[in-house]
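Biologist: I would like a close look at one part of this model, with the pairing of its strands set out step by step. Please also say how far the coordinates can be trusted.

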Amino acid sequence: MKRIIIFALSFIAIIQVEAQTVTDLATEKKWKLKGTGGIDLSQTSLSNWSSGGDNAFTGRAYLNGSLDYKKEHWLWQNTMALEYGVTSTKSDGVRKSVDRIDLGTQIGYTTNNVWYYSAMADFKSQFYKGYNYPNTEHHISKFMAPAYSNISIGIEYKPADKFYSAYFSPVAGKLTFVQDDSLSAEGAFGVDPGDRFRAEIGAYLKVKAQKDIMQNVKLITDANFFTAYDKHFGNVDIEWNMLISMQINKYLKANINTTLKYDDDVKHIDKNDNKRGPRVQFKEVIGIGIGYNF
């Protein structure tokens, strides 16, 4: 919870600083800030319920934002997505349901406002330890274990009159961090046993789209593809995120959020803690709660 508060306060401070910048440069309109944040809650309470069941509580907090700077031929884009959720039941106690840190920055130069020569970097991790429930004796992930960073240079197709863009880099670096003694010793997440870091060079493609599909309903999606220039060239790591946001009124929102992943270096751990081959990972979150757009 401390990390969530720190990230939220830091982002609010950035918003305040940049809001002042926006005010100072209002006539030039160089900065563009937008985002959304909110809390989704649900509860199930049972008393003498003949069909059976369990009392349950689910909560999720999220904060997504972007800050863009446009001046003449230059475009600087910054994004942030923070998410954390828990589920509590009488029989199982409190368990983590979603956990995400995703930060990104990209700077590009254009002569026609369609093609941008760009450099991009991002950072992805999580806030807290994760477990292969119901086993809670040994964690299988934590903050910075793993963490991923992609650094690349390439070209982006981003026409101003379109709702989509595509970025391709023939020279991209994928960095994997496992800053945990036990996970490092196991060689988790593709690092060699005992190592805490792994670097790969390869090709990277990112496609993004954002569109109002009907009144008060917005679709935001991005898909990332990476393949390393090594003996496993052609094995593609995939991450596809999709958000459907429905604005019910000024503060009440409903969201459908999905993530599909495949990483050839991440092994599947079954219920008996045995490592299996890589699998397609999928996460879906449906929530209704209080949200605010800025």
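Modeller: What follows covers confidence, then a run of paired strands, then a single residue in another strand.

This is a predicted model. The average pLDDT of the protein is 88, and 89% of the residues score at least 70. Residues 1-27 fall below 50, although the model gives this stretch 24 contacts beyond near neighbours in sequence. Where pLDDT is low, the predicted coordinates should not be read in detail.

Strand 10, residues 197-214, has a partner in strand 9, residues 164-177; the two are antiparallel and share twelve bridges. One of the bridged pairs is Phe177 with Phe197 of strand 10. Strand 10 also pairs with strand 11, residues 217-228, again in the antiparallel sense and over twelve bridges. Here Gly202 lies opposite Ala228 of strand 11. Two residues separate strand 10 from strand 11 in their hairpin, where Asn216 adopts a positive phi near 65°.

Strand 10 also brings us to Gln77, since Lys208 is among the contacts of Gln77. Gln77 itself belongs to strand 3, which spans residues 74-89. Its relative accessible area is 10%, so Gln77 counts as buried, the cut-off being under 20%. Setting aside neighbours within four places in sequence, Gln77 touches Leu67 and Asp68, then Gly104, Thr105 and Gln106, and further along the chain Glu156, Lys158 and Lys208.

Definitions and conventions: Residues are numbered from 1 along each chain as its sequence is written. This is a predicted model: local features need pLDDT of at least 70, side-chain atom pairs count only at pLDDT 80 or more; totals for chains, interfaces and linings use all residues. Side-chain values use heavy atoms; hydrogens and water are left out. Two strands pair if DSSP finds at least two bridges between them. Helices (H or I, at least four residues) and strands (E, at least two) are DSSP runs, numbered from the N terminus. pLDDT is the predictor's confidence in each residue, from 0 to 100. Contact means heavy atoms within 4.5 Å. Buried means under 20% relative accessible area, exposed over 50%, partly exposed in between (1.4 Å probe, protein chains only).
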